[in-house]
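Okay, everyone, thanks for coming. I'd like to talk through some empty space and some helix packing today, so have a look at this one with me.

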Amino acid sequence: MSNKPASGSANLDEMALRAELRALRSQIPDQPTLNPVLNVAFNLSRRLESGEISFEAVKELSTRLMDSACIHRALVLKEQIGVESEAATRAEFSAFVQQYVSGRDDKAFQSFKERFSRARNGIVFTAHPTFGLSEALSDRMAEIAVSGTAEGQKIGLPHRPDPDLSLEYEHGRVQSAIKNLRDAYSDLMTDFFEAAHKAFGDRAFKLDPQLATFASWVGYDLDGRTDIKWTFSFVVRLKEKMAALADIRERYLALRPQLGEGAEITRLSRQVTGKLDLAISAVAAQIKALLSVGKDGVTLAQAANLITQGDGYNLTSTSSILTLIDQIVEAAEGTKSKASIAALAALLRATGLGMSHIHVRVNAVQINNAFRAFVHESWTRDLTERQAQARIVEMINTVKPEEVNFETLDLENATAIRQFAMVAQIAKHIDADTPIRYLIAECESPATILIAVYFAKLFGVSEIVDISPLFETPAALETGPRLVERLLSTDAYRDYVSKRGRLAVQTGYSDAGRFIGQIAAGLAHERLHHGLAEVVRKSKVSGVETLIFSTHGESMGRGAHPGSLRRRLRYVFPGESRWRFFQSGLPVKHETSFQGGDGYLYFANREFAQRALATIIMSGKDPGEGEDPFYTDKTLALDFQIRLRDYQQELFAHPGYRALLGSFGANLLFKTGSRPVKRQGDHHSDRGDPARMRAIPNNAILQQFGYVANVVSGLGSAVSNDRERFVELAKKSKRLGPLVEMIARAKQLSSLNAVGANAMIFDPGFWAQRASWAREPHLEGAFKFLAERLLDDDRAQKIIGLAHYLRLDAIELHGILEELGLEGGKIPDDHRLELDLLQAIRGALIMRIFILTAQLPRFTPTNEVTHDQIVGQALSLDIPEVIKVVRLAFPRRTGHAHDDAAFTEKATYLPKGIDDYGRIETEILEPMEKAYELVREIGTGISHHWGAFG
């Protein structure tokens with residue numbers, strides 16, 4: 001261990017460090033190998049290790065920079081949502097409704113009724129692991145966003161997630177967002193009825209408007225997970241039912257004073273509240289029974305018998321409550337009272353006996369394996385064969401429905417079958433009317449969907465379940481329309497979607513963007529939309545709505561346009577996509593996801609939820625026909641897409657890309673959700689393999705290294721020799737313009753200097769140079785150790801090679817952006833300088849961790865863990881594991897102070913190593929742990945600049 005100089009107390013001057021970054025950047029033309037981020041990181045490291053500045057000073061500066069980034073993120077969030085005021089939102093929405101009033105006669109009324117008879121857009125909340133901000137920090141951001149100003153704002157909270165990221169925690173967070181969305185839906189529905197009443201009088205209250213749907217899969221997503229038991233999901237649905245009933249009751253009681261004390265109103269009110277009270281009590285007893293199983297001798301059978309008893313108090317349909325509320329609307333006096341009560345009924349119709357609709361999710365492998373085990377015949381080995389699919393169709397046509405109970409649900413081992421059985425039990429005992437989506441991930445064969453239809457019919461739920469394949473890989477996006485065409489060629493599937501009135505598909509932007517880049521993925525999704533419209537048109541299935549659920553995150557790397565919410569919605573579902581359905585008279589509905597904690601920020605309060613919901617509803621307006629040169633200049637557009645995809649696929653295979661993703665892996669990051677980074681059952685050892693990594697950590701690591709290559713890269717190469725034509729097209733096209741804008745925004749934040757700085761920490765030459773000049777003699781041994789240890793480490797070489805590869809494309813990109821008048825970050829603004837400075841500070845902290853690693857004492861191998869392995873883990877920032885092992889090997893003596901006076905026999909010798917283990921703790925492990933925690937917290941600060949985690 002070194003004799004480190006005492007820590008200094010010098011403050012860090014943020015303005016001076018910014019000026020240093022600027023000055024260094026200006027020198028690059030004359031010193032091409034100069035890296036400003038690395039230089040500042042090195043200078044900070046040397047000052048920190050010499051004791052000139054203290055760790056506390058570094059942490060203080062880091063916190064100021066993170067606070068600034070968080071405040072900026074909050075203000076950008078407000079701009080993205082488009083919030084001005086509640087009054088402005090509601091006035092705009094009322095005007096939107098009124099524009100569909102074409103007159104006052106019956107024909108105009110029928111036209112108005114038809115326009116709002118179905119929801120054209122929907123919202124889906126998912127449990128993706130983007131809970132990188134604590135609930136308190138999320139609330140603080142929402143407060144700042146509402147204020148609309150950075151003046152006088154302070155954060156005063158750590159930039160990290162809450163400690164207990166369990167599924168229960170995630171469910172609590174999503175329910176808070178849904179509560180705000182229910183408030184917003186009720187508000188806008190009230191505005192709808194008031195606007196309709198102006199045109200059509202009391203006839204308006206006979207309408208059954210569907211403005212939008214909202215759903216959640218939090219607690220029901222079993223794709224790649226084995227840690228969610230059926231009892232958890234069932235109890236969650238019961239809790240949601242109880243919350244929804246209590247919510248309707250609370251809303252009704254809040255409206256009750258407006259209705260007066262007339263005899264009819266009083267009678268109906270008592271019936272409504274009485275039914276709700278009894279139903280709430282019944283659900284509470286069901287929840288208590290299930291949660292008691294296994295305690296004090298309570299059996300599943302006892303709980304099940306209580307749930308299934310027919311006492312008449314448990315509601316499984318909203319019809320009886322809605323009948324009473326509709327009568328109250330009739331009896332109420334005054335437009336405002338009628339509109340408010342009608343809005344309450346509309347909320348209940350929209351959500352059923354739950355806070356929202358629900359989606360259950362499995363993957364195709366789970367479906368196929370469950371079917372093989374169920375049938376247990378050799379023909380099921382290859383389900384892609386047409387003969388196999390014909391046999392599945394025959395099974396659908398001859399199926400005899402089975403009854404399930406809670407025992408069969410508990411005994412079933414096949415996840416996919418158990419989910420269908422659970423849906424059946426939900427329909428019988430919780431909510432018989434509200435549809436449930438059954439999502440199937442990684443679906444690439446019609447057989448998988450036909451198997452799901454078979455199981456839906458087997459368990460008697462085919463008329464409330466919408467079975468939806470997920471197209472997310474490049475191959476699935478390309479062949480998706482053909483898969484749907486093959487399904488529609490079978491009478492069994494046509495009959496199923498005709499009875500449901502809906503053909504549902506899900507598309508995934510995150511994974512597609514991981515494989516072929518986000519811009520190419522967005523265009524592939526659009527081609528899928530066009531293909532589906534053509535397939536549905538040719539199939540001539542009448543009265544069937546095509547439902548397209550776009551699953552994407554809140555970051556650019558996972559499919560979210562960085563502009564306004566309107567822009568974001570048009571990015572994932574362009575006007576041309578809606579037009580392809582509209583021109584053929586085909587009803588289409590588009591749903592968009594809001595993923596995890598970052599997504600829930602859009603619904604952090606009632607005002608945000610109103611604006612977001614209003615924007616989403618209004619995005620479903622009928623598209624106008626218009627010529628976009630992007631769709632007429634097909635040769636250039638197609639060549640551009642193919643070249644862009646090819647570049648991204650080459651990038652995906654680049655050894656430097658794998659090295660970048662695997663150098664630290666997810667160790668740079670806090671755990672941000674209950675879901676594992678890799679799918680359960682995936683034991684692949686290569687941490688940097690992008691094909692094995694989930695999309696969120698993949699994108700998060702790109703953000704942390706400073707270059708979101710899956711968004712930024714490839715345009716320069718894709719345009720190639722057609723630059724002049726491309727620039728003209730981008731200036732004219734409403735579709736291409738936003739794509740290039742997203743690339744430009746990503747480039748403004750991206751820095752190859754940051755990539756290089758992060759890579760150089762692995763460079764043995766960097767550490768050898770620090771040793772050779774004898775400027776830091778107390779650390780010379782550590783530097784030599786690191787230089788020797790990293791001689792055979794190829795991470796630096798590969799990542800720097802990747803940076804050179806990306807820079808060649810970036811040169812062309814800057815030229816294109818300049819011709820389009822778009823800023824690409826060549827001259828960094830203040831926010832980019834803050835981001836570069838955070839990168840530099842974190843680089844200095846990682847250097848500290850490496851230096852401390854070099855001072856770890858050798859030890860006898862324990863549990864097959866060697867000193868060399870521990871060093872390797874530390875140099876990959878697996879610090880918690882390193883500290884755990886070293887503390888076991890060198891336990892610190894605490895609470896055993898020696899007392900010489902207590903012993904009558906005297907000694908002149910005291911063991912020299914009595915305090916050595918204490919020194920290992922205080923001089924190595926504690927500083928390492930503190931540095932690592934700050935490294936991860938700075939990672940959150942970097943995420944603030946990108947506007948989302950991963």
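Before I start, a word on residue classes: Ala, Val, Leu, Ile, Met, Phe, Trp, Tyr, Cys and Pro count as nonpolar, Asp, Glu, Lys and Arg count as charged, and the others, Gly among them, go down as polar. With that sorting, the lining of the second largest cavity comes out as five nonpolar, two polar and three charged residues. And yes, what you're looking at is a predicted model.

So who's in that lining? Going along the chain, we have Ala 127, His 128 and Leu 167, then a run of Trp 217, Val 218, Gly 219 and Asp 221, and finally Arg 225, Ile 228 and Arg 675. You can check the classes yourselves: His 128 and Gly 219 are the polar pair, and Asp 221, Arg 225 and Arg 675 carry the charged label. The volume of this second largest cavity is about 70 Å³.

How many cavities of 30 Å³ or more are there? The count is twelve. The largest cavity holds about 100 Å³ of space. Its lining has 14 residues, and the ones nearest the centre are Gly 132, Thr 672, Thr 940, Ser 943 and Phe 949. Helix 41, which covers residues 916–946, gives the largest share of that lining, with four residues. By class, the lining of the largest cavity splits into five nonpolar, six polar and three charged.

Now for the open space. The largest pocket has about 960 Å³ in it. There are 30 residues around this pocket, and nearest its centre you'll find Pro 32, Leu 34, Asn 35, Asn 753 and Arg 807. Sorted by class, the pocket lining has 13 nonpolar, eleven polar and six charged residues.

Which helices supply at least two residues each to that pocket lining? Those are helix 2 (36–50), helix 34 (752–760), helix 35 (764–772) and helix 37 (795–819). Helix 37 gives the most, with seven residues.

Let's stay with helix 2, since it turns up again in the packing. Helix 2 and helix 34 pack at about 45°, and their axes are 7 Å apart. That angle makes helix 2 oblique to helix 34. On the helix 2 side, the contact uses Pro 36, Val 37 and Leu 38; across from them, helix 34 brings Asn 753, Ala 754, Ala 757 and Met 760. That gives six nonpolar residues, one polar and no charged. Notice Asn 753, by the way: it's in this contact, and it's also among the residues nearest the centre of the largest pocket.

Helix 2 also meets helix 38, residues 830–853, where the axes come within 8 Å and cross at roughly 50°. So this pair is oblique, and the crossing is right-handed. The helix 2 residues here include Val 37, Leu 38, Phe 42 and Leu 48, and the helix 38 residues include Leu 837, Ile 841, Met 847 and Ile 851. By class, that contact has 13 nonpolar, three polar and three charged residues. Val 37 and Leu 38 are in this contact, and they're in the one with helix 34 too.

One last pair, from elsewhere in the chain. Helix 11 (residues 319–331) and helix 12 (residues 335–351) pack at about 165°, with axes 9 Å apart. Anything over 145 degrees counts as roughly antiparallel, so that's what we call helix 11 and helix 12. Their contact is made by residues including Ile 321, Leu 322, Ile 325 and Val 329 of helix 11, and Ile 341, Leu 344 and Leu 348 of helix 12. In total it has ten nonpolar, no polar and four charged residues. And the handedness? Helix 11 passes helix 12 in a left-handed crossing.

Technical notes:
Residues are numbered from 1 along each chain as its sequence is written. This is a predicted model: local features need pLDDT of at least 70, side-chain atom pairs count only at pLDDT 80 or more; totals for chains, interfaces and linings use all residues. Side-chain values use heavy atoms; hydrogens and water are left out. Axes are lines fitted to C-alpha atoms, for helices over the stretch in contact, and angles run from 0 to 180 degrees between N-to-C directions. Angles under 35 degrees count as roughly parallel, over 145 as roughly antiparallel, 65 to 115 as roughly perpendicular and the rest as oblique. A crossing is left-handed if the near helix is turned anticlockwise from the far one by less than a right angle, and right-handed if clockwise. Contact means heavy atoms within 4.5 Å. On a 1 Å grid over the protein atoms alone, a cavity is a set of points where a 1.4 Å probe fits but cannot get out, and a pocket is an open set with protein on both sides within 12 Å along at least five of seven lines; lining residues have an atom within 4 Å of a point. Grid points are joined across faces, edges and corners, and a volume is the space filled by probe spheres set on the points.
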